[in-house]
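Here is a relaxed walk through one structure, for someone meeting it for the first time. Have a look at it, then read on.

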Amino acid sequence: MTAQAGFSRRGWLLFGAMALLWGVPYLFISVAVESFSPPAIVAGRTLIAAVLLLPFAIRGGSLRQALRVWPWVLAFGAIEMAGPFVLLGHAEMTLPSGMTGLLVATVPLFAALIALGGGDRGVLRPARAIGLLVGFLGVAIVVAGPGLFGGEVSLLAAGEVLLVAVLYAIAPFIVARKLADVPSLGTITLSLLMIGVIYLPIGLVTQHEVPTLPSIAALIALAVICTAVAFLAFFALIREVGPVRAPLFTYVNPVVAIILGAIVLAEPLTPGLLIGFPLIIVGCWFAATGGRLRPPASVPSRLPIPPTP
């Protein structure tokens, strides 16, 4: 089906699946860091997912193409996976999973600023500029909320998550400029494998306690469900609805993260979170799209790679 057509039933099912698959990782990370070190989580998650995706990448020939430009694939993996996975793990030692998911959702705001730095004056259009201001106002309310309404939040942890959003905003530029001719599955599989191999000794050295069963289950879920299965579902979603509409599920991810954090981990729905949440989502939407409800007529030929929480 074309990107301009409406969603089929299968398209909606895949859309809902992706909203859940990349909305739930923050919950699993919060459980995993109870007994795993952040580097150990990165090593385990990436290696398990790489092993599961490897047969698909080899069979389609995409791994061979990725190997030809492995330095850029490694650079992409460092910015999209190695840095963010460790920062998220460390941040969620003190930060609620729902707040983490919401702050990661600021990626479009930073992507717009990066595009502006690269000469894209479209970011200065009124709707997009207002979106940037509204989005960052939401971030300020979320971060300052506990102090304003009672409670506290680690500014270091919040800063780590916002740095993750910056890294997620940078990664697609590497893909677009250096990996445009490499299939996404090859890029993802090889980067997961390389990052896993690099982090394995670091994870072994930093792991100082015996992991609990809940943490082990959470780590396996991160690798299998939120990484390997999620990417396969994402590719299926792109084939069904097109590459322009497929990443729209990322606007739903924070809702899933906040709801699961409140229900499963009993995280409080603070006034700052409730006020800042709609501001961030609306701001991101306008900053990224200018408020358009329909995708542009031209559809990029390459599969986009959204942030991998």
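How many cavities of 30 Å³ or more does the count come to? The count comes to one cavity of 30 Å³ or more. Before going further, note that this is a predicted model, where local features need pLDDT of at least 70 and side-chain atom pairs count only at pLDDT 80 or more, while totals for chains, interfaces and linings use all residues. Residues are numbered from 1 along each chain as its sequence is written, and side-chain values use heavy atoms, with hydrogens and water left out.

Back to that cavity. A cavity here is a set of points on a 1 Å grid over the protein atoms alone where a 1.4 Å probe fits but cannot get out, and lining residues have an atom within 4 Å of a point. Grid points are joined across faces, edges and corners, and the volume is the space filled by probe spheres set on the points. The largest cavity has a volume of about 40 Å³, and its lining is made of Ile29, Ile41, Arg45 and Phe85. That lining divides into three nonpolar residues, no polar ones and one charged; Ala, Val, Leu, Ile, Met, Phe, Trp, Tyr, Cys and Pro count as nonpolar, Asp, Glu, Lys and Arg as charged, and the others, Gly among them, as polar.

Now for the core. The largest nonpolar core (buried Ala, Val, Leu, Ile, Met, Phe, Trp, Tyr and Cys residues joined through side-chain atoms within 4.5 Å) has 96 residues. Helix 11, residues 213-241, gives the most to this core, with 15 residues. Helices are DSSP runs (H or I, at least four residues), numbered from the N terminus. Met18, Phe76, Leu103, Ile188 and Leu237 have the most contacts inside the core. Leaving out residues up to four places away in sequence, Leu103 touches Leu95, Val139, Val142, Val143, Ala158, Val161, Leu162 and Ala165, where contact means heavy atoms within 4.5 Å.

Next, the rings. Rings of Phe, Tyr and Trp (its six-membered ring) pair if their centres lie within 6.5 Å; planes under 30 degrees apart count as stacked, over 60 as edge-to-face and the rest as tilted. By this rule there are nine aromatic pairs, including these two:

| Pair | Centre to centre | Angle between planes | Kind |
|---|---|---|---|
| Phe234 and Phe235 | 6.2 Å | 45° | tilted |
| Tyr251 and Trp285 | 5.2 Å | 65° | edge-to-face |

Tyr251 lies in the loop between helix 11 and helix 12 and Trp285 in helix 13, so their pair ties together parts that are 34 residues apart in sequence. Buried means under 20% relative accessible area, exposed over 50%, and partly exposed in between (1.4 Å probe, protein chains only). Tyr251 is buried at 17%, while Trp285 is partly exposed at 22%. Phe234 and Phe235 are both buried, and they belong to one aromatic cluster with Trp22, Phe231 and Phe249.

Two loop residues are worth a stop. Ser37 sits between helix 2 (25-32) and helix 3 (38-60). Is Ser37 buried or exposed? With 11% relative accessibility, Ser37 counts as buried, and beyond its neighbours within four places in sequence it is in contact with Gly203, Thr206 and Gln207. Ala266, in the loop between helix 12 (253-264) and helix 13 (271-289), is exposed at 61% relative accessible area. Its phi is near 55°, a positive value in a residue other than glycine.

Technical notes
On a 1 Å grid over the protein atoms alone, a cavity is a set of points where a 1.4 Å probe fits but cannot get out, and a pocket is an open set with protein on both sides within 12 Å along at least five of seven lines; lining residues have an atom within 4 Å of a point.
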